[in-house]
Amino acid sequence: MEYDALVLAGGGSTRFGGVDKAMLVLDGVTMLDRVLAATEDAASTVVVGPVRTTYRPVSWTVENPPSGGPVAGIAAGLAHGSAPIVAVFSCDLPWLTKDDVTLLVSGLGDHDGHGLRDTEGHEQHLATAYRRTELAAAIRRVGDPRDKSVRRTLAGLDLTWSEPTRAGHDVDTWADLDD
């Protein structure tokens with residue numbers, strides 16, 4: 001099933017003391033490139049954030065104005081691509097694989113989205129495959145997307161979730177890299 005990848009990589013990494021989380025290297029590969037490798041089968045890929053060097057070509061965009069949060073980033077990224085499914089990922093998912101992305105896209109069924117749960121069972125809205133039309137409608141309903149809550153913005157969507165998996169574990173602190 002054809003999908004577009006939308007990767008959010010514009011955050012301030014405040015819990016990392018401002019270090020660019022997307023460019024943190026784990027086992028010789030940046031976290032951003034790990035997500036880009038997992039999504040390399042996408043029809044198109046857009047990264048929302050400042051342009052960086054990546055192992056494969058992608059499109060780049062930023063929310064306007066910059067630093068508007070993940071909902072604003074999703075809104076900016078939705079202007080790219082045209083596949084009926086948009087797989088949205090934060091750049092801090094170093095254990096995400098192609099197989100995980102395939103399972104998300106193929107597991108969508110009749111639902112609006114199918115996402116990963118982390119190892120503790122938390123639903124990861126920024127590790128989810130969505131129907132483009134439903135995701136875009138949710139973003140429109142929120143109005144100005146700047147600084148809006150992802151969970152509240154997407155609360156009206158019919159979402160299903162994977163069994164808990166390490167692939168859904170995002171890296172928010174230095175300690176998360178030790179897991």
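This passage describes the sheet, the helices packed on it and the nonpolar cores of a predicted model.

The sheet is open and has seven strands. Their order is 5-4-1-6-8-7-9, and the pairing is mixed. Strand 5 (59–61) and strand 9 (159–164) form the edges, each pairing on one side only. From one strand to the next, the twist averages 25°.

Both senses of pairing occur around strand 6. Strand 1 and strand 6 are parallel and share six bridges. Within this pair, Leu8 has Ser90 of strand 6 as its bridge partner. Strand 6 and strand 8 run antiparallel and are joined by five bridges. Here Val86 is matched with Tyr130 of strand 8. Further along the sheet, strand 7 (residues 113–117) pairs with strand 9 in the parallel sense, over four bridges. Gly115 stands opposite Trp161 of strand 9.

Strand 6 is mostly covered, with six of its six residues buried. In a regular strand, side chains alternate between the two faces of the sheet. Strand 6 shows two such sets. Ile85, Ala87 and Phe89 point one way. Val86, Val88 and Ser90 point the other way. Both sets are buried.

Two helices that contact these strands are considered next. Helix 1 lies across strand 1, strand 4 (45–48), strand 5 and strand 6. Its direction is at about 170° to strand 1. Helix 4 (residues 132–141) also packs on the sheet, where it touches strand 1, strand 6 and strand 8. The direction of helix 4 makes about 120° with that of strand 8.

Helix 1 is largely enclosed by the rest of the structure, because seven of its eight residues are buried. The buried residues are Met31, Leu32, Asp33, Arg34, Val35, Leu36 and Ala38. An α-helix has 3.6 residues a turn, so residues three or four places apart point the same way. Leu36 lies in helix 1. With a relative accessible area of 0%, Leu36 falls under the 20% limit and is therefore buried. Beyond its neighbours within four places in sequence, Leu36 contacts Val7, Thr45, Val47, Thr54, Tyr55, Arg56 and Val58. Glu63 is 27 residues from Leu36 in sequence. The C-alpha atoms of Leu36 and Glu63 are 20 Å apart.

The largest nonpolar core comprises 26 residues. Those with the most contacts inside this core are Tyr3, Val7, Leu32, Val47, Phe89, Leu96 and Val101. At least two core residues come from each of strand 1 (3–8), helix 1 (31–38), strand 6 (85–90), helix 3 (98–106) and strand 8 (123–131). Helix 1 supplies the largest share, four residues. Phe89 thus appears twice in this account: it is among the residues with the most contacts in the core, and it is one of the buried residues of strand 6.

Leu96 has contacts with several elements of the chain. Residues up to four places away in sequence aside, Leu96 touches Arg34, Val35, Ala38, Phe89, Val101, Leu116 and Ala167. Among these partners, Arg34, Val35 and Ala38 are buried residues of helix 1. A second core, separate from the largest, has 20 residues. Val46, Val86, Leu154 and Leu157 are included in this second core. Val86 points from strand 6 in the direction opposite to Phe89.

Technical notes:
Residues numbered from 1 in each chain as written. Predicted model: local features only at pLDDT ≥ 70, side-chain atom pairs only at ≥ 80, totals over all residues. Heavy atoms only, no water. Core = buried A, V, L, I, M, F, W, Y, C linked by side-chain atoms within 4.5 Å. Buried < 20%, exposed > 50% of the residue type's maximum accessible area, 1.4 Å probe, protein only. Contact = heavy atoms within 4.5 Å. Pairing = 2+ DSSP bridges. Axes fitted to C-alpha atoms, helices over the stretch in contact; angles between N-to-C directions.
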